[in-house]
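Visitor: Please give me a close look at one part: any closed space inside the protein. Show me its setting as well.

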Amino acid sequence: MAKSIATKISNNEATEVMKKYKYEDLLIITKDEKGNIKMVGTNVITVNEIISDIPVHMQEALEKSENNNFNIRLGSFLGSNLFAGRGPNVNIKMAITGNLDTELKSEFVAAGINQTLHKIYLEVKCNVSILTPFETIEEQIVNQVLLAEGLIVGEVPNSYYNLEGLSTNNAVDIIE
């Protein structure tokens, strides 16, 4: 339940922050004279704004959230499948402990002969305390929020060889 609440809030707040940005705002794309992409660089100022705004918005939303209190049936605490989900409700409170940690990640994945899928996402780590009448549970919740995704299309090669799965024993057979 705590992970669900934190994930929902992180996704909602990231969406709100990202509404004012486009893929092109995050990157500096350098092309050659033919219009082919030579380099993809990061627009550091914009990226720094995003990675500082999202955690601030998330922290505020988590602190204001009325969903920080939820109920679990007493039988669920007993560790028995027979009693799970049965009995009176026990009030559970979720509180943030410490700051939210974020890490910007960028990933390039081959998407065909001449295409590369580029993803930029923010990994958010949130430490929470789950307060029950019986104990306090410390938990770290990790969520990845996709910020941007783009397909980079290159030139179609004149020839293509799929050499995946070849070993040194059978590589010579292809050359001959």
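Guide: The chain as a whole comes first, then the closed space, then the salt bridges.

This is a predicted model, in which local features need pLDDT of at least 70 and side-chain atom pairs pLDDT 80 or more, while totals for chains, interfaces and linings use all residues. Numbering starts from 1 along each chain as its sequence is written, and side-chain values use heavy atoms, without hydrogens or water.

Start with the fold. The protein chain has four helices and seven strands (DSSP runs numbered from the N terminus: H or I of at least four residues, E of at least two). Along the sequence, their order reads α-α-β-β-α-β-β-β-β-β-α. Of the 176 residues in the chain, 29% are buried (under 20% relative accessible area; exposed is over 50%, partly exposed in between; 1.4 Å probe, protein chains only). Among contacts with a separation of 6 or more, 55% join residues 24 or more positions apart (heavy atoms within 4.5 Å). The chain exposes about 11700 Å² (Shrake-Rupley, 1.4 Å probe). Carbon and sulfur atoms supply 50% of that area.

Now the closed space. The count is one cavity of 30 Å³ or more (points on a 1 Å grid over the protein atoms alone, where a 1.4 Å probe fits but cannot get out; lining residues have an atom within 4 Å of a point). The largest cavity holds about 50 Å³ (the space filled by probe spheres on points joined across faces, edges and corners). Four elements each give two or more residues to its lining. They are helix H1 (2-18), helix H3 (44-64), strand E6 (115-131) and strand E7 (136-153). H1 has the largest share, with three residues.

Walk round the wall. Ala-6, Thr-7 and Ser-10 are among the lining residues. Met-58, Leu-62 and Leu-100 line the cavity too. Val-124, Cys-126, Ile-141 and Asn-143 complete the list. By class, seven are nonpolar, three are polar and none is charged (Ala, Val, Leu, Ile, Met, Phe, Trp, Tyr, Cys and Pro are nonpolar; Asp, Glu, Lys and Arg charged; the others, with Gly, polar).

Two of these lining elements, H3 and E6, also take part in salt bridges. The model has four salt bridges (a Lys or Arg side-chain nitrogen within 4 Å of an Asp or Glu carboxyl oxygen). One of them joins Asp-53 and Lys-20, at 3.9 Å from N to O. Asp-53 lies in H3 and Lys-20 in the loop between H1 and helix H2 (23-26), so this bridge ties together parts 33 residues apart in sequence. Asp-53 is partly exposed, at 23% relative accessible area. Lys-20 is exposed, at 56%.

E6 brings in Glu-123. Its side chain meets that of Lys-105 in a salt bridge of 3.7 Å, N to O. Lys-105 sits in strand E5 (residues 101-110) and Glu-123 in E6, so to speak distant parts of the chain, 18 residues apart. Glu-123 is buried, at 11% relative accessibility. Lys-105 is partly exposed, at 25%. Glu-123 also pairs with Lys-125, at 3.9 Å from N to O. Lys-125 is partly exposed, at 29%. Lys-105, Glu-123 and Lys-125 thus form a network of salt bridges.

Technical notes. On a 1 Å grid over the protein atoms alone, a cavity is a set of points where a 1.4 Å probe fits but cannot get out, and a pocket is an open set with protein on both sides within 12 Å along at least five of seven lines; lining residues have an atom within 4 Å of a point.
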